[in-house]
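Colleague: I am new to this structure. Please walk me through it, one question at a time.

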Amino acid sequence: MALEAGPAMRLERPRRRHAVQKAREFAEVYSTPPIPVLEIAQSHGLNVVLSEFGRFAEGVSGALSFKDKRLYVNRFDSPQRKRFTIAHEFGHWILHKPFFDADPELYAVLPRYSQPDVSNPFEQEANAFAAELLVPQHLLKQVSGAGPATLAQLFGVSRAMMEVRLRSV
């Protein structure tokens, strides 16, 4: 496993398979898109809050407060971006809560920047989780052959996100 023991748990490299498997556990019960990510997050104890983020509005898409059980989403983002942010932050909730429990000060709030640090293992895992949750492989197989724009609309995601997803399956 890619965890480092010690006073603070650290994630040295992403556990993509783990992230995808966890997302599949949530997505497998759905037979048609779009996946209701807001309802899933709320049903797992998170209060989803639309936020303006003040002077950070253009640079922050969302944030997760483990302590307060709040998932913040930028109210000015597109509906597709909001769905991705909810899925991404929910991924942090599912995958990274043990890190917070081990060191609440180090992992108090995980922001999701509009231009995230893609080398960060936490972000890589949350992105893999979000991609699988929003566009689960079992549903994508059912509509293979459709173009990215059609699929993006069907799954409620951006075309850019769908293009990335199609390259990864």
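**Questions and answers**

Modeller: Start with one residue: K22 is partly exposed, with a relative accessible area of 26%. Buried means under 20% relative accessible area, exposed over 50%, and partly exposed in between (1.4 Å probe, protein chains only). This is a predicted model, where local features need pLDDT of at least 70, side-chain atom pairs count only at pLDDT 80 or more, and totals for chains, interfaces and linings use all residues. Residues are numbered from 1 along each chain as its sequence is written, and side-chain values use heavy atoms, with hydrogens and water left out.

Colleague: Which residue forms a salt bridge with K22?

Modeller: A salt bridge is a side-chain nitrogen of Lys or Arg within 4 Å of a carboxyl oxygen of Asp or Glu. The closest N and O atoms of this pair are 3.8 Å apart. Both residues sit in helix α1 (residues 16-27), three residues apart, so about one helical turn separates them. The partner is E25.

Colleague: Is E25 buried or partly exposed?

Modeller: The relative accessible area of E25 is 39%. That value lies between the cut-offs of 20% and 50%. E25 is therefore partly exposed.

Colleague: What is the pattern of helices and strands along the chain?

Modeller: Helices (H or I, at least four residues) and strands (E, at least two) are DSSP runs, numbered from the N terminus. The chain has seven helices and six strands. Read along the sequence, they run β-β-α-α-β-β-β-α-β-α-α-α-α.

Colleague: What percentage of the residues in the chain is buried?

Modeller: The chain has 169 residues. Its buried residues make up 44%.

Colleague: Which residue does D101 meet in a salt bridge?

Modeller: The two side chains come to 3.0 Å, N to O. Both residues lie in helix α3 (residues 79-102), four residues apart, about one turn of the helix. D101 is partly exposed at 48% relative accessibility. Its partner, partly exposed at 25%, is K97.

Colleague: Which ring has K97 over its face?

Modeller: A charge sits over a ring if NZ of Lys or CZ of Arg is within 6 Å of the ring centre and within 35 degrees of the ring normal. K97 lies at 5.6 Å from the ring centre. The ring belongs to W93.

Colleague: Why is the pair of F26 and F90 edge-to-face?

Modeller: Rings of Phe, Tyr and Trp (its six-membered ring) pair if their centres lie within 6.5 Å; planes under 30 degrees apart count as stacked, over 60 as edge-to-face and the rest as tilted. The structure holds six aromatic pairs. In this one the ring centres are 5.1 Å apart, and the pair is edge-to-face because the planes meet at 70°.

Colleague: How many residues apart are F26 and F90?

Modeller: The pair links distant parts of the chain. F26 is in helix α1 and F90 in helix α3. Both are buried. They are 64 residues apart.

Colleague: Which residues do ring pairs link into a cluster?

Modeller: The cluster includes F26 and F90, which are both buried. With its third member, the cluster is F26, F90 and F129.

Colleague: Which residue meets R159 in a salt bridge?

Modeller: Both residues lie in helix α7 (residues 159-168), four residues apart. Their side chains meet at 2.8 Å, N to O. R159 is partly exposed at 46% relative accessibility. The partner, partly exposed at 29%, is E163.
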